[in-house]
Amino acid sequence: MARAFLIVLDSAGCGGAPDADAFFNGDLPDTGANTLGHIAEACASGRAEEGRSGPLSMPNLDALGLGAAIRLASGAAAPGLEAEPRGLWGVATEVSKGKDTPSGHWELAGVPVPWDWHYFPNTVPAFPQDLMGEVARLAGTGGTLGNCHASGVPIIEEHCAEHMRTGWPICYTSADSVFQIAAHEETFGLSRLLKLCEDIAPTLHAMKVGRVIARPFTGTCGNFRRTANRHDYAIAPPAPTLCDWLAGAGRKVYGIGKIGDIFSRRGISEVRKGNDLALFEHLMALSAEAEKGSLTFTNFVEFDTLYGHRRDVSGYARALEWFDRRAGEFLAALRPDDLAIFTADHGNDPTWAGSDHTRERVPVLGHGAGARAIGQVGFVDVAASIAEHLGVQSQGLGKSFL
């Protein structure tokens, strides 16, 4: 019985979204954003030389059709990614009205988001007073810190000393539909932080806020580090997803990275976590261990969190080249009847203004389905195709491209 591997390079979009003009970074519409294409251009022109050098080198994914997908999505060339495709290749367009992690992953799993997400205003304060009062009550503290739009590292730097002194949780948001709480693993307590996020999540979900995110850190002020114990408490998908279809058919679904969080563990048989280096080791292990008929669903998040939001072009390029080297090992380990699909959930162009995600199409690259172009497809078609490969009835709107 065949197996399937769905691998999401978080934020590795390839431009060309037809509705990009309706999405913004500050006052700038996302029209023209192209995460992979602009990284390739920067590398070729010598503008991404920190820790690497020269044109972007991704021979394994380019052999499947990465460069061709970028050209199809955006009409732009991607210097260094010019191979003749030897895999299944195309691009997918999202219909959900969000450029965020849950929207992208749910739709890849067959379920577009039927509602508009709630976003907090970029004001100080950003959150309603009654919400902050409830957070303080649940935390057992006299108040909270933050209450604004912020990036994780700077806001911890700003409030670390007061947090350590008072124990008040640090609350912040971003351009995504998220409510984030940072706290020290030892002085505040990791289990206490996770319980706080779990307890406040229903209130946020009722507001159609997509995720409550626990952001633990350790160390001392001025020398702290965020840990891998992040946990996302996501609103549940509005309908059964690919994971549920497979679970209902008695199949195993392995969730690597934050997949379990994104899908509220629905339909997920086993979760494996860690940083991206550890996640690839999990993926390699499952290339040997995963049961017949199973899906291994993986999210590599650090392209987004470490490099896209921080607008670090060199760092993003280094991460892509590292991933491509490991992808060659992974592909060599697969069985003849395995299907592997590499894709993304949205864009996060590190050459763009602001620090938010960018609205883009995403590449769809397949190994194990022959060499062919599938053209422009929908996110939901990914789920339908995996279901067909595994011999399970699709319950979504998508059509298989296999």
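Colleague: Is Arg311 buried or exposed in this model?

Modeller: The model is a predicted one. Arg311 sits in the loop between helix 11 (302-308) and helix 12, and its phi is near 55°, a positive value in a residue other than glycine. The cut-off for buried is under 20% relative accessible area. Arg311 has a relative accessible area of 17%, so it is buried.

Colleague: Lys208 also has a positive phi. Is Lys208 buried, exposed or partly exposed?

Modeller: Lys208 follows helix 7 and belongs to the loop between helix 7 and strand 8. Its phi is near 65°. Values between 20% and 50% fall in the middle class. With a relative accessible area of 29%, Lys208 is therefore partly exposed.

Colleague: Where is the kink in helix 7 centred?

Modeller: Helix 7 covers residues 185-206. The kink in helix 7 is about 55°, and its centre is Arg192.

Colleague: Which elements cover the buried residues of helix 7?

Modeller: The buried residues of helix 7 include Phe188, Leu193, Leu196, Ile200 and Leu204. Glu185 and His205 are also among the buried residues. The cover includes helix 5 (129-139), helix 6 (152-166), strand 7 (178-184), strand 8 (211-220) and strand 10 (231-234).

Colleague: How do helix 10 and helix 12 run relative to each other, roughly parallel or roughly antiparallel?

Modeller: Helix 10 spans residues 276-289 and helix 12 spans residues 313-333. Their axes are 9 Å apart and the packing angle is about 10°. An angle under 35 degrees counts as roughly parallel. Helix 10 is therefore, with respect to helix 12, roughly parallel.

Colleague: How do the residues of the contact of helix 10 with helix 12 divide by class?

Modeller: On the side of helix 10 the contact includes Leu277, Phe280, Leu283, Met284 and Ser287. Helix 12 contributes residues including Trp322, Phe323, Arg326, Ala327 and Phe330. By class, the contact residues are nine nonpolar, one polar and four charged.

Colleague: Which residues does Ser287 touch beyond its neighbours within four places in sequence?

Modeller: Ser287 is placed in helix 10. Its relative accessibility is 3%, so Ser287 counts as buried. Outside its sequence neighbours, Ser287 is in contact with Arg3, Phe5, Phe330, Ala333, Leu334 and Arg335.

Colleague: Which helix gives the most to the largest nonpolar core?

Modeller: The largest nonpolar core has 88 residues. Leu61, Leu295, Phe323, Phe330 and Phe342 have the most contacts inside this core. With 10 residues, the element giving the most is helix 12.

Colleague: How many residues are in the other core, which lies apart from it?

Modeller: This second core includes Phe127, Met132, Ile181 and Ala214. Its residue count is 22.

Colleague: Which residues does Leu61 touch, not counting residues up to four places away in sequence?

Modeller: Leu61 is one of the residues with the most contacts inside the largest core. Beyond its sequence neighbours, Leu61 touches Leu9, Leu66, Phe323, Asp324, Ala327, Phe342 and Leu365.

Colleague: Why is helix 1 described as largely enclosed by the rest of the structure, and what packs against its buried residues?

Modeller: Helix 1 (residues 35-44) has eight of its 10 residues buried, so it is largely enclosed by the rest of the structure. The buried residues include Leu36, His38, Ile39 and Cys43. Just after helix 1, Gly46 has a positive phi of about 80°. The packing partners of the buried residues are helix 3 (66-74), helix 12 and strand 15 (362-367).

Colleague: Are helix 4 and helix 13 roughly parallel or oblique to each other?

Modeller: Helix 4 (residues 101-108) and helix 13 (residues 379-390) have axes 6 Å apart and an angle of about 40°. Helix 4 and helix 13 are therefore oblique.

Colleague: What is the omega of the cis peptide bond between Val124 and Pro125?

Modeller: Pro125 is in the loop between helix 4 and helix 5. The bond joining Val124 and Pro125 is cis, with an omega of about 5°.

Colleague: What separates the C-alpha atoms of Pro240 and Ala353?

Modeller: Pro240 is in the loop between strand 10 and helix 8 (242-248), and it touches Val111, Trp245, Arg266 and Gln395 beyond its sequence neighbours. Pro240 and Ala353 are 113 residues apart along the chain, and their C-alpha atoms are separated by 36 Å.

Note on methods
Residues are numbered from 1 along each chain as its sequence is written. This is a predicted model: local features need pLDDT of at least 70, side-chain atom pairs count only at pLDDT 80 or more; totals for chains, interfaces and linings use all residues. Side-chain values use heavy atoms; hydrogens and water are left out. Axes are lines fitted to C-alpha atoms, for helices over the stretch in contact, and angles run from 0 to 180 degrees between N-to-C directions. Helices (H or I, at least four residues) and strands (E, at least two) are DSSP runs, numbered from the N terminus. Angles under 35 degrees count as roughly parallel, over 145 as roughly antiparallel, 65 to 115 as roughly perpendicular and the rest as oblique. Contact means heavy atoms within 4.5 Å. Ala, Val, Leu, Ile, Met, Phe, Trp, Tyr, Cys and Pro count as nonpolar, Asp, Glu, Lys and Arg as charged, and the others, Gly among them, as polar. The bend at a residue is the angle between axes fitted to the seven residues ending there and the seven starting there. Buried means under 20% relative accessible area, exposed over 50%, partly exposed in between (1.4 Å probe, protein chains only). A nonpolar core is a set of buried Ala, Val, Leu, Ile, Met, Phe, Trp, Tyr and Cys residues joined through side-chain atoms within 4.5 Å.
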